[in-house]
Amino acid sequence: MSIRGVIAASEPHTALAGARILRRGGNAVDAIIAAKFAATVTELPLTSLGGGGVCVWGDAADGYQVLDFFAAVPGLGLGVLPALDFAPVTVDFGQTTQVFHIGKAAAAVPGELVGLLELHRRAGRLPLHEVVATAAAWARNGFTVSPQIAMIIGLIEPIAKSTPAAARLLLAGGRLPQAGDRLANPDLGDFLQALGEGDPNCLVAQYQASLVNHFGPAQGGLMTTQDVAAYAPVVREPLHVPFGPYRVLTNPPPAAGGGLIGAGLRIAESLGIGQETFLSREHQLVVAAILATVSQIRLAGYDHRLYADPASIRALVAGDSLPAWVEWARSRTHENLLGATTHISVIDAEGMAAAMTTSNGEGCGHVLPGLGIHVNNFLGEDDINPAGFHRLAPGSWMSTMMSPTIVVAGDRPCFALGSGGSNRIRSAILQALLNLLLYRRPLDEALNAARLHVEGSKLWFENVGLDEGVADALLQAWPAATCFDTTSMFFGGVNGVASNDGRLSGAADRRRGGVVMVAES
């Protein structure tokens, strides 16, 4: 038996779909695309062909690239805004609640379908029909709901029940699904089969026409023919962050997350950390201080610079010191407590790595008829609309905290990782990288150790496995801190794979039911 590759994902079906493709001779890109198509079926609360995402991939021979297929703001060609289908829903997290907005005017121009097809065209090896076959079969014939997905559907119950079409996809016989129940999406199964066996361009045209017909101004949405015609995934140069003997390759502007992770790495390097006892008082306090500085950077005009001066973000992570414009900001930002994103990482036996993060927001509650595709609600999320709802110019590329990341030594990939978790993505990935590269922790420990997050003047932390007295020290330094006595999906879901002298391994975040599969043939 020979190992073909390793995949880490947030759900068993997702990992299995990718592992099958590796066993059949597919490369890391084939595997990650197959896994992501499967996730649009089996992780529907988190990702959809009506959502968007980012992938970083490559190898030592051909280099590394980022494909950005996140969402764009709709409304090109519209004059006065129509009456909008846009309404708040309250999601109950137990200890607290959060308001999201759904409806057809919450939908941004999605990029996931065309993004996956573009990635396959650029770097895939197997024919498309093989890559989508597993996802199509599970959509048509049904799949078993995992405990994590059942829990997330329960959280978004108001959205799952907001329309009959959403209920048909997300509920089991009209009730919230439990782990072990079966769900199916025959319309999506037929669409995926046709996509693999027919002309993808024709299927994309059908999908885009449906977006305009059902999410246009006459239906209370903002989608126009100009919007779908103008949309195209963007290939970008990864953000390169030098870090000791490594280079960290991640998502560049206009995405927000990569630059903040890079800034955190440079701060950690300048402080010379890494000698503290892991999970000790000194370790947790210095990490909290780094996360606080990263938050300061974001609150000091960072989001504006993503568009107005992206070169300054690259300078931030490449230079020897932080720029003078970083100052403490006293404002606060909103937290998306769910963080409806999901991440997959793959390294194959030939040395190709791929990391992909995608999201559907929470979903807008509306489904494309006959296609089984639940469309995103990116225009209805506070954290990616900081200036307020429907304030971004039509055609604008929306920013995201998604930060799929590959770490290379020389030119060869040694780690591929990423996370779900909304604004906590930056903190989760930064801590995973510090745990791996400075504290030299094994991969599973690095991804599952207790985490912290800082936003403005507020600290959240997990009191799990910490040395005695650490929680008290954090609460003394941050009197308004929120302490979690168990690990929580609030802190993201980092899934990662590693290549060490050709030996492949993986680890997945137990906060989100993560799964690792090694593909052998």
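Are Phe70 and Phe378 buried or exposed? Select these two residues to begin the tour of this predicted model, and you will find that both Phe70 and Phe378 are buried. They belong to a set of 8 aromatic pairs that a search of the whole structure finds. The rings of Phe70 and Phe378 form a tilted pair, with 4.8 Å from centre to centre and 45 degrees between the planes. Follow the chain outward from each ring: Phe70 is in the loop between strand S3 (63-69) and strand S4 (87-92), while Phe378 is in the loop between strand S14 (373-374) and strand S15 (405-409), so that the pair links distant parts of the chain, 308 residues apart.

Next, select Tyr231 and Trp397, whose ring centres are 5.1 Å apart and whose planes meet at 15 degrees, which is why the pair counts as stacked. Tyr231 lies in the loop between helix H10 (225-230) and strand S8 (234-236), and Trp397 lies in the loop between S14 and S15, so this pair ties together parts that are 166 residues apart in sequence. Tyr231 has a relative accessible area of 10% and is therefore buried; Trp397, with a relative accessible area of 15%, is buried too.

For the last stop, select Trp460, Phe484, Phe490 and Phe491, which ring pairs link into a cluster. Then add Arg424, which lies over the face of Phe490 at 4.1 Å from the ring centre. Finally, add Lys458, whose charged end sits over the ring of Trp460, 5.6 Å from its centre.

Terms used:
Residues are numbered from 1 along each chain as its sequence is written. This is a predicted model: local features need pLDDT of at least 70, side-chain atom pairs count only at pLDDT 80 or more; totals for chains, interfaces and linings use all residues. Side-chain values use heavy atoms; hydrogens and water are left out. Rings of Phe, Tyr and Trp (its six-membered ring) pair if their centres lie within 6.5 Å; planes under 30 degrees apart count as stacked, over 60 as edge-to-face and the rest as tilted. Helices (H or I, at least four residues) and strands (E, at least two) are DSSP runs, numbered from the N terminus. Buried means under 20% relative accessible area, exposed over 50%, partly exposed in between (1.4 Å probe, protein chains only). A charge sits over a ring if NZ of Lys or CZ of Arg is within 6 Å of the ring centre and within 35 degrees of the ring normal.
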